[in-house]
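Please open the model in your viewer and keep the sequence panel visible beside it. The tour moves from one selection to the next, and each stop says what to look for.

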Amino acid sequence: MVNDLADLIKIQSKNIEHYNKYPIALIFIIMLILVVPTTFLSSDNESSIASALTLDLLEGFVLTFVETIFFVYWFGRIGKNHTFLSFLHYNVMLSIAVSIPVIAVLLITQNFEASSWIAIIGGFIGVFYIIYMFSVNLALATGSSKKYAFGAILIVILIQIIFYTFIFSALVS
C-alpha cells in the first residue's frame, strides 16, 4: 500500500482496478484518521476543533460517496465503465495520498502567520498540486484524457463548495 500511495503522490497511477486489492474498511479508516491531523493543523481556534473535526469527518465520509457516484456517471459517459466499488477504492486511495502532502504543507506553514506570504503561497501551491494530482492520476487510472478528468475534478470542487455552503448556512441559522 505504501508503494501505491507513493506512486499516487508522484502522479504515477496504475489502472483503477489495481486498487481493489485493499480492504475498503481499512483504507476508509486510514482516510478518516488522516482527517484528524489535517483538522488540528488547519484549525486556528482551539474551542472549535471538536466541531471542525466532526464536520471534516462527515465531509470526508459523505463527499467520498457523492464523488464516487459522480465519477461512475462521468466516466461511464465516455465508455470508461468501472464498478462503484472500483471508483470508491480509488477515490479513497487518492484521498489518502492527498492528505500526506497537505499535512506536510500545514506543518510547514503553521509556523507562519496565516496572512504571511509563505502561508498564502504554500496554500496556493498545495491547492494547485492537489487539483493537478487528482486530475492526472484520474486520467491515468481510467484511461481518459487529462482534460476530461480535470473537468470531473472541477465539478467535484463545485460539489464540495455547495456542500460547505449548505453546512455553513445550516450552522449559522
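Begin by selecting Pro101, which in this predicted model lies in helix 4, the stretch covering residues 84-109. Is Pro101 buried or exposed? Its relative accessible area is 19%, and because buried means under 20%, Pro101 counts as buried.

Now show the surroundings of Pro101: once its neighbours within four places in sequence are left aside, Pro101 is in contact with Ile9 and Tyr129. If you then add Asp56 to the selection and draw a line from C-alpha to C-alpha, you will find that Pro101 and Asp56 are 17 Å apart in space, while 45 residues separate them in sequence.

Next, move to Ser13, which you will find in the loop between helix 1 (2-9) and helix 2 (24-42). Although Ser13 sits in a loop, this residue is buried, with a relative accessible area of 12%. Which side chain makes a polar contact with the side chain of Ser13? Select Tyr90 to see the partner, since the side chains of Ser13 and Tyr90 make a polar contact at 2.7 Å. Tyr90 also appears among the residues that Ser13 touches, and if residues up to four places away in sequence are not counted, the list reads Asp7, Leu8, Tyr19, Tyr90, Asn137, Leu140 and Ala141.

With these two stops in mind, deselect everything and display the whole chain as a cartoon. You should be able to trace six helices and zero strands, which follow one another along the sequence in the pattern α-α-α-α-α-α. Turning the chain slowly, you can compare its extent with a box of roughly 45 × 35 × 30 Å, which the C-alpha atoms fill when the box is taken along the principal axes. For 173 residues, a compact globule would have a radius of gyration near 16 Å, and the chain has 16 Å, so the two agree.

Switch to a surface display for the next view. The chain exposes about 9,600 Å², and carbon and sulfur atoms supply 73% of that area, while 40% of the 173 residues count as buried.

To finish, consider contacts and charges across the whole chain. Among contacts between residues at least 6 apart in sequence, 72% join residues at least 24 apart. If you colour the charged residues, you can look for 7 positive and 9 negative charges, whose mean positions are 20 Å apart.

How values were computed:
Residues numbered from 1 in each chain as written. Predicted model: local features only at pLDDT ≥ 70, side-chain atom pairs only at ≥ 80, totals over all residues. Heavy atoms only, no water. Helix = DSSP H or I, 4+ residues; strand = E, 2+ residues; numbered from the N terminus. Rg over C-alpha atoms; globule rule 2.2 N^0.38 Å. Buried < 20%, exposed > 50% of the residue type's maximum accessible area, 1.4 Å probe, protein only. Contact = heavy atoms within 4.5 Å. Areas by Shrake-Rupley, 256 points an atom, 1.4 Å probe, with all protein chains shown as cover. Lys, Arg positive; Asp, Glu negative; His and termini not counted. Charge placed at Lys NZ, Arg CZ, Asp CG, Glu CD. Polar contact = N/O pair within 3.5 Å; in protein donor to acceptor, adjacent residues only side chain to side chain.
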